Amino acid sequence: MTTDSASDFVLALNCGSSSIKFALFDAGQVPLRRQPAWRGQIDGIGSRQAAFDNGVAVEQVVLDATRPYRAALMLLRDRIDALLEGRDIVAVAHRVVHGGSKYSGPARMDAGVLADLKSYSPLAPLHQPFALEAVVMLLAALPGVPQVACFDTAFHDTLPIVEKILPLPRTAWDQGLRRYGFHGLSYEYLALTLGERYGDAARARTVVAHLGSGASLCAMNNLQSTATTMGFSALDGLMMGTRCGSLD
């Protein structure tokens with residue numbers, strides 16, 4: 001880890017079903033530097049090939065087979081505690097895939113927000129429960145430390161209503177069935193950096209792509225989402241690593 005001071009840190013977590021990505025940012029830097037002081041990940045959670053990558057070397061680890069995800073979170077907590085050398089975590093930011101129709105921006109976690117987000121788990125069963133497990137553990141481990149959920153769906157709140165409404169009876173909309181869109185944190189970063197790099201030219205109509213095992217496209221105007229290929233779920237749109245995308 002590299003840092004210019006002995007200050008405290010902000011922890012960022014991205015929890016998936018089989019991996020946890022994490023980064024520590026020097027809280028003494030205002031605004032926070034985009035380059036973290038330390039970053040890494042735990043991969044292969046739930047398999048026999050679990051590994052801890054500290055950004056320098058990859059170490060094979062053995063996790064409790066009965067609760068491998070909790071074991072991975074506890075391993076991460078212990079490694080971060082050792083790294084901090086007495087310094088503190090002063091805030092935690094969680095990537096949470098689904099904010100439903102209620103959350104269009106970051107939300108500080110409390111019992112009410114946590115209950116809302118748990119109710120969205122059926123909409124993102126491979127992501128939501130794991131992120132919330134980390135929230136619950138850290139709320140207990142770090143009482144009083146602010147924890148903020150940042151949502152992949154929030155960037156697409158600017159979609160025109162005609163893009164959000166699916167061609168279904170109005171009762172479906174009333175029950176929450178709509179185009180949410182995903183990968184929003186990735187697109188929000190792209191919007192930020194495109195604006196910085198290309199100025200007003202980036203504010204014109206632009207198509208950007210998030211390409212990985214999960215993939216999608218987003219059309220932006222004035223650096224805001226106006227259309228996206230993912231819909232009510234993260235299955236629609238482009239063909240992906242383990243998702244079929246649109247079927248005719």
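These legends walk through several views of one predicted model.

Local features here need pLDDT of at least 70 and side-chain atom pairs count only at pLDDT 80 or more, while totals for chains, interfaces and linings use all residues. Residues are numbered from 1 along each chain as its sequence is written, and side-chain values use heavy atoms, with hydrogens and water left out.

**Figure 1. The whole chain has 6 helices and 11 strands.** Helices (H or I, at least four residues) and strands (E, at least two) are DSSP runs, numbered from the N terminus. The radius of gyration is 19 Å, close to the 18 Å that the globule rule gives for 248 residues, so the chain is as compact as a globular protein of that length. That radius is taken over C-alpha atoms, and the rule is 2.2 Å times the number of residues to the power 0.38. Along the principal axes, the C-alpha atoms fill a box of roughly 55 × 45 × 35 Å.

**Figure 2. Here is the chain seen through its surface and its contacts.** About 13300 Å² is exposed, and carbon and sulfur atoms supply 55% of that area; it comes from the Shrake-Rupley method with a 1.4 Å probe, and for residues only the protein chains shown count as cover. Buried residues make up 40% of the 248. Buried means under 20% relative accessible area, exposed means over 50%, and partly exposed is in between (1.4 Å probe, protein chains only). Now for contacts, meaning heavy atoms within 4.5 Å: of those between residues at least 6 apart in sequence, 55% join residues at least 24 apart. As for charge, there are 22 positive and 23 negative side chains, and the centres of the two sets lie 4 Å apart. Lys and Arg count as positive and Asp and Glu as negative, with His and the chain ends not counted; each charge is placed at NZ of Lys, CZ of Arg, CG of Asp or CD of Glu.

**Figure 3. Eight strands line up in an open sheet.** Read across, the order is 5-4-3-2-1-6-8-7, and the pairing is mixed. Strand 5 (58-60) and strand 7 (107-108) are the edge strands, each pairing on one side only. Two strands pair if DSSP finds at least two bridges between them. Look inside the sheet for strand 6 (residues 89-96) and strand 8 (residues 147-151), which run parallel and are joined by 5 bridges. Ala93 has Val148 of strand 8 as its bridge partner.

**Figure 4. Strands 9, 10 and 11 pair up through two hairpins.** Strand 9 (residues 206-210) pairs with strand 10 in the antiparallel sense over 5 bridges, and the hairpin they form has 5 residues between them. His210 is bridged to Ser216 in strand 10. Next along, strand 10 (residues 216-221) meets strand 11 (residues 224-228), again antiparallel, over 4 bridges. Cys218 has Thr228 as its bridge partner there. This second hairpin leaves 2 residues between its strands, and Asn222 takes a positive phi near 55 degrees in it.

**Figure 5. Zoom in on Val58, a residue of strand 5.** At 55% relative accessibility, Val58 counts as exposed. Setting aside neighbours within four places in sequence, Val58 is in contact with Ala51, Phe52 and Asp53. Val58 and Ala204 are 146 residues apart in sequence and 43 Å apart in space, C-alpha to C-alpha.

**Figure 6. Helix 1 (residues 68-84) is home to Ala71.** With 18% relative accessibility, Ala71 counts as buried. Not counting residues up to four places away in sequence, Ala71 touches Leu63 and Asp64. Pro106 is 35 residues from Ala71 in sequence, and their C-alpha atoms are 27 Å apart.

**Figure 7. Three loops have backbone geometry to look out for.** Most residues other than glycine have a negative phi, and most peptide bonds are trans. The peptide bond from Val30 to Pro31 is cis, with omega near -5 degrees, and Pro31 lies in the loop between strand 2 (20-26) and strand 3 (38-43). Glu85, in the loop between helix 1 and strand 6, has a positive phi near 55 degrees. At 65% relative accessibility, Glu85 counts as exposed. His183 also has a positive phi, about 60 degrees, and sits in the loop between helix 5 (170-174) and helix 6 (184-198). His183 counts as buried, at 8% relative accessibility.
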